[in-house]
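Here's a quick walk through one protein model, written for someone who'd rather be at the bench. Have the viewer open and follow along.

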Amino acid sequence: MIINQVVIVISANWTSSISVKKTQIASNPYSAKMKITSNILLVFLVIPIFLLNMISCENDVVKTTLIQFLSQLKGQQNNNSTLNWKPDTDPCKDQWNGVYCDAQMSIKRLNLYRFNLSGTLDVALLCNAQPLAASLTFLSLDDNNIRGGITSEIGNCKQLTRLHVSGNLLAGNLPTSLAMLNNLKRLDLSNNKFSGPLPNLARISGLNMFLAQNNNLNENIPTFYFPNFDHFNVSFNNFSGQIPDVQGHFFADSFLGNPELCGYPLQKNCTGQILSSTVNKTSEEESKGPSKEQILIYSGYAALGVIIILFVLLKMCRRSKKSGKKVEASSKDDIEKPSYVSSESKSEDVSKSGFSISSECGMVSQQSLIVLSKPVVSELKLEELLRAPAEMIGRGTNGSLYKVMLTNGIVVVVKRIKDWSISSDEFKQRMQLLNQAKHSHVLPPLAFYCNKQEKLLVYEYQHNGSLFKLLHGTSKKTFDWSSRLGIASTIAEALAFMHQELGQQGIIHGNMKSSNILINKNMEPCISEYGTMPKDDQQSSTLAFKEDVYGFGVILLELLTGKLVKSNGIDLTDWVQSVVREEWTGEVFDRSLLAEYASEERMVNMLQVAIRCVNSSLEARPSMNQVALMINTIKDEEEKSLIYQV
């Protein structure tokens with residue numbers, strides 16, 4: 001109110017000063033000029049105050065909007081203390097939990113992943129509020145219990161590049177305004193209750209991830225330009241019709257669980273569905289009865305069928321006579337000779353399962369698959385696992401890996417370990433310890449089987465591949481410094497946690513490498529195959545954990561250099577240390593990191609951590625707790641620089 005009154009007074013004074021007559025200036029030029037000058041100064045003093053008042057009003061609108069949005073998400077009975085946004089504080093300056101701002105103190109990201117929210121989603125609150133809608137680029141509500149749906153107002157949040165609402169109870173039709181988000185890169189709607197058709201998201205040219213599995217969406221799948229996508233999954237919905245041309249970029253697991261879908265990459269052919277309409281059109285003609293020509297054709301088919309059947313019966317009779325003469329001899333051979341799996345007689349079973357348990361390991365019926373606390377495979381039986389189609393995807397010094405498709409459409413990975421001289425009881429105890437030491441970024445076994453000579457471990461299949469693939473694969477997608485730093489921090493914390501939890505038992509990972517770092521559905525790293533290395537001396541030395549530190553150090557070098565661990569006979573650790581000794585440290589780093597102007601100071605700090613980890617002396621290597629602390633310090637410095645840089 002005071003500001004408005006001042007503006008009115010200034011306007012009046014300014015008008016009066018403008019209307020000063022030339023005669024007044026002529027009669028008393030000094031007095032007139034002073035009056036005009038004083039009014040000009042007054043204007044320039046008040047304008048900043050007026051602008052600050054406008055900014056303050058905008059901040060109040062943003063705060064009020066966020067608090068209302070959060071109250072809707074919390075619900076009436078959810079008092080989550082970790083999300084306590086107060087109107088007397090500032091979202092950016094006071095760093096509200098889940099709120100991330102840029103250097104200009106504009107809110108860029110809302111990350112409310114796993115905050116135990118159980119209210120309703122009100123998109124209109126966010127996307128109808130300016131300037132919040134104009135600055136928000138990232139919204140994540142993954143893995144809560146939020147109800148409601150996505151309304152058409154989402155189209156007003158035009159700066160969104162990522163929208164993640166996976167793992168909630170959201171329902172209803174998806175609005176067509178989703179297609180108006182031209183800047184959208186990643187859209188995750190999976191594990192909800194959305195229904196109805198998909199909007200025409202193909203209009204979003206930059207979209208490179210679309211996940212909508214485990215919903216109730218129906219009708220046809222729109223035609224996308226699949227070469228743009230890193231990730232695409234619409235499995236377990238109610239889609240129908242022919243699958244668009246994926247151009248070889250995606251496989252059956254992206255489309256499973258849609259009974260009415262057909263076409264590549266599924267095994268279900270669309271020909272029958274396409275011809276069904278033709279059959280319906282000719283049903284009236286068929287109802288009139290067959291013509292003479294049709295009767296002759298059918299009679300010919302019947303006669304041919306009878307001839308073929310008689311021929312087959314004749315052949316079978318001749319074979320039975322010959323085999324009857326050899327029954328006695330063959331029975332003696334079966335008693336005297338051990339039975340082996342014939343490559344001809346059992347080729348079909350081998351191709352289906354890809355792995356089997358040999359007779360030397362004991363009777364399958366006397367052993368059972370032990371299922372751990374994971375409802376996905378709660379009803380899985382060993383016989384079903386062995387009969388399921390499998391594909392070998394990896395082989396190492398301690399066993400082989402198989403990708404297995406279960407009868408319910410779920411894909412798992414089975415690790416087969418042979419010749420591990422550990423008793424069944426010890427192995428069971430180890431699996432139970434691993435199951436108890438839970439960490440969100442360590443992939444736990446879902447189930448296991450063990451006997452004297454052979455062990456099987458069942459894991460959840462990760463569709464996004466491994467860190468090795470991200471770093472060294474054929475994809476040309478950028479892998480920036482912030483992402484690499486975040487992955488390093490996450491792995492370090494997870495590995496430090498496992499060392500602390502299993503320290504007394506002496507259970508280490510034993511095979512830390514980038515191919516054992518898998519990327520989950522949220523594009524976060526997970527350590528796989530922890531504690532599965534068949535080493536008898538794992539519990540004999542407290543320094544055994546330093547082996548994992550070395551492996552982690554090599555992963556850091558891969559992240560920093562972008563190079564393979566072994567290339568043309570050159571070892572990565574030896575090459576890095578030689579370059580550093582020659583004081584050419586800048587030559588170590590990945591060219592793509594230097595091209596994006598990543599902080600060389602923080603990359604050098606990370607390099608120093610890696611070199612300490614790969615020290616040839618076990619005693620000189622830091623513990624994983626120390627490593628995690630050092631990397632988190634570098635990460636904190638990076639985040640501060642991003643917030644406060646101009």
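What follows covers the overall make-up, then the cores, then a few backbone oddities.

This is a predicted model, with local features needing pLDDT of at least 70 and side-chain atom pairs counting only at pLDDT 80 or more, while totals for chains, interfaces and linings use all residues. Residues are numbered from 1 along each chain as its sequence is written, and side-chain values use heavy atoms, with hydrogens and water left out.

**The whole chain**

The protein chain has 19 helices and 24 strands. Those are DSSP runs numbered from the N terminus: H or I with at least four residues for helices, E with at least two for strands. Of its 646 residues, 41% count as buried, where buried means under 20% relative accessible area, exposed means over 50%, and partly exposed is in between (1.4 Å probe, protein chains only). About 36300 Å² is exposed, and carbon and sulfur atoms supply 54% of that; the areas come from the Shrake-Rupley method with a 1.4 Å probe. If you look at contacts (heavy atoms within 4.5 Å) between residues at least 6 apart in sequence, 56% join residues at least 24 apart.

**The cores**

In soluble globular proteins, nonpolar side chains tend to be buried together. A nonpolar core here is a set of buried Ala, Val, Leu, Ile, Met, Phe, Trp, Tyr and Cys residues joined through side-chain atoms within 4.5 Å. Which residues of the largest core touch the most other members? They are L467, Y530, F552, L556, M606 and I631, out of 63 residues. Helix α14 (residues 481-501) brings the largest share of this core, 10 residues. Zoom in on L556: leaving aside neighbours within four places in sequence, L556 is in contact with A488, M606, V609, A610 and I631. Apart from this core lies another, of 61 residues, with L125, L136, I204 and L266 among them.

**Backbone oddities**

Two asparagines have a positive phi although neither is a glycine.

| Residue | Phi | Loop between | Relative accessibility |
|---|---|---|---|
| N116 | about 60° | β2 (107-111) and β3 (120-121) | 51% |
| N214 | about 60° | β10 (209-211) and β11 (216-219) | 35% |

By the cut-offs above, N116 counts as exposed, and N214 counts as partly exposed.

Finally, have a look at the peptide bond from Y264 to P265, which is cis, with omega near 10°. P265 is found in the loop between β14 (260-262) and α6 (271-281).
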